[in-house]
Amino acid sequence: MPRFPQLLGLFPPRSATVGLEGLYLGLGLHRLGSPAAPFVYANFVSSLDGRIALEDAGGKTYLPKRLTSPNDFRLFLELHAQADCLVTHGGYLRALAAGRLGNILQVGAHEAGHDLPAWREAQGLPPQPAVVVASASLDFPLPPSLRAHGQTCYIATGTQADPGKVAYWRDRGYEVLVAGAGKTVEGGALTRQLGGLGYRTPYLVAGPRMLETMVRDGCLSRLFLTTTHQLLGGLGFHGLLPGPELGKAGRLRLMSLYYDAETPAGAGQWFAQFAPGAVL
Ligand SMILES: NC(=O)c1ccc[n+]([C@@H]2O[C@H](COP(=O)([O-])OP(=O)(O)OC[C@H]3O[C@@H](n4cnc5c(N)ncnc54)[C@H](OP(=O)(O)O)[C@@H]3O)[C@@H](O)[C@H]2O)c1
């Protein structure tokens, strides 16, 4: 009995179902990028009414449990396993330290991805990806797991970041990538610097703001989007893009679409993959 379900491939049209396990590993994303043109990709899960997170009455954001599923998480881990570099941010490290979010900084840290370290090894990838922490505040704790797993860690910020905080991290031996004219990181500058360091497949395990900066700068190669067939509601919420209208840079082309008719029970979900559309 397979641990994960059969999916109906909707696009490109297929006649038979396919197993979820291995679906995204089969894409071979780790072979698509190069230092000259890093392949930056991201994964989000959204409700039908466009919510990726909710806010409680006190304004604190949280991921409602019913948004995610073990099936979606398995695909997230398959994408994660193909990265040579994870791009996260200060907010995630603060949430991790406070126990509000789980650890997604190492491949193989979850039972649902127990096979992925061996898969990486077979592909000739290093045991763990490097980690880039994007932050304007430069105010976050680094988890001891990064050193314990021998992961290279970079900190990325803007030119106008607090020089004292930049010095704090450099004094502790961390390379600080200055990738943006203001306080924040810009997608184009960060992607070029990561390519210059030899990275090919940076995976955004960040939030909507990093997604936005990559899309605005035309640096996102692939967006993986799970749409759970639920209307969540919620007065305070986050969507995929927080900023002003994107215009043509927001056009995306469907690359694949799978339908998991069983999850969540009584509803379903789509697993979609998009590439940047042509800007005509
Ligand atoms: N459903 C999903 O698939 C999904 C995916 C991701 C996140 N989420 C949820 O969505 C909610 C909002 O996401 P988020 O917390 O990740 O919010 P966010 O507003 O995208 O990012 C928050 C933090 O990231 C850093 N940051 C982001 N972009 C940056 C840039 N260009 N330059 C420098 N620093 C940057 C900043 O850190 P500093 O404060 O250190 O400067 C900022 O505070 C959360 O509840 C999260 O759990 C859902």
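Is F76 buried or exposed? In this predicted model, F76 is buried, with a relative accessible area of 12%. This residue makes a good starting point for a walk through the aromatic side chains.

The structure holds 10 aromatic pairs. In one of them, the ring centres of F73 and F76 are 5.8 Å apart and the planes meet at 10 degrees, so this pair is stacked. Both residues belong to helix α1, which spans residues 70–80. They sit three residues apart, about one turn of the helix. F73 has a relative accessibility of 26% and therefore counts as partly exposed, whereas F76 is buried.

F76 also pairs with Y203. Here the ring centres are again 5.8 Å apart, but the planes stand at 45 degrees, so the pair is described as tilted. Because F76 lies in helix α1 and Y203 in strand β10 (residues 202–204), this pair ties together parts that are 127 residues apart in sequence. Like F76, Y203 is buried. A wider view places F73, F76 and Y203 in one aromatic cluster, together with Y24, F39, Y41 and F224.

Aromatic rings also meet charged side chains in this model. R51 is positioned over the face of F237, at 3.7 Å from the ring centre. Likewise, R172 lies over the face of Y168, and its distance from the ring centre is 3.7 Å.

Turning to the strands, β13 (residues 252–260) is joined to β1 (residues 6–11) by three bridges, and the two run antiparallel. Strand β13 is also joined to β14 (residues 269–276), in this case by eight bridges, and this pair runs antiparallel as well. Y259 is a handy residue for following both connections. This β13 residue stands opposite L8, and its bridge partner in β14 is W270.

Finally, what about the cysteines? A disulfide is a covalent bond between the sulfur atoms of two cysteines. The count of disulfides here comes to zero, and two residues help to show why. For C153, the closest cysteine sulfur is in C85, 10.0 Å away, which is too far for a bond. For C219, the closest cysteine sulfur is also in C85, at 13 Å, and this too is too far for a bond. The cut-off used for a disulfide is a pair of sulfur atoms within 2.5 Å. Both cysteines count as buried: C153 has a relative accessibility of 9%, and C219 has one of 14%.

Key:
Residues are numbered from 1 along each chain as its sequence is written. This is a predicted model: local features need pLDDT of at least 70, side-chain atom pairs count only at pLDDT 80 or more; totals for chains, interfaces and linings use all residues. Side-chain values use heavy atoms; hydrogens and water are left out. Rings of Phe, Tyr and Trp (its six-membered ring) pair if their centres lie within 6.5 Å; planes under 30 degrees apart count as stacked, over 60 as edge-to-face and the rest as tilted. Helices (H or I, at least four residues) and strands (E, at least two) are DSSP runs, numbered from the N terminus. Buried means under 20% relative accessible area, exposed over 50%, partly exposed in between (1.4 Å probe, protein chains only). A charge sits over a ring if NZ of Lys or CZ of Arg is within 6 Å of the ring centre and within 35 degrees of the ring normal. Two strands pair if DSSP finds at least two bridges between them.
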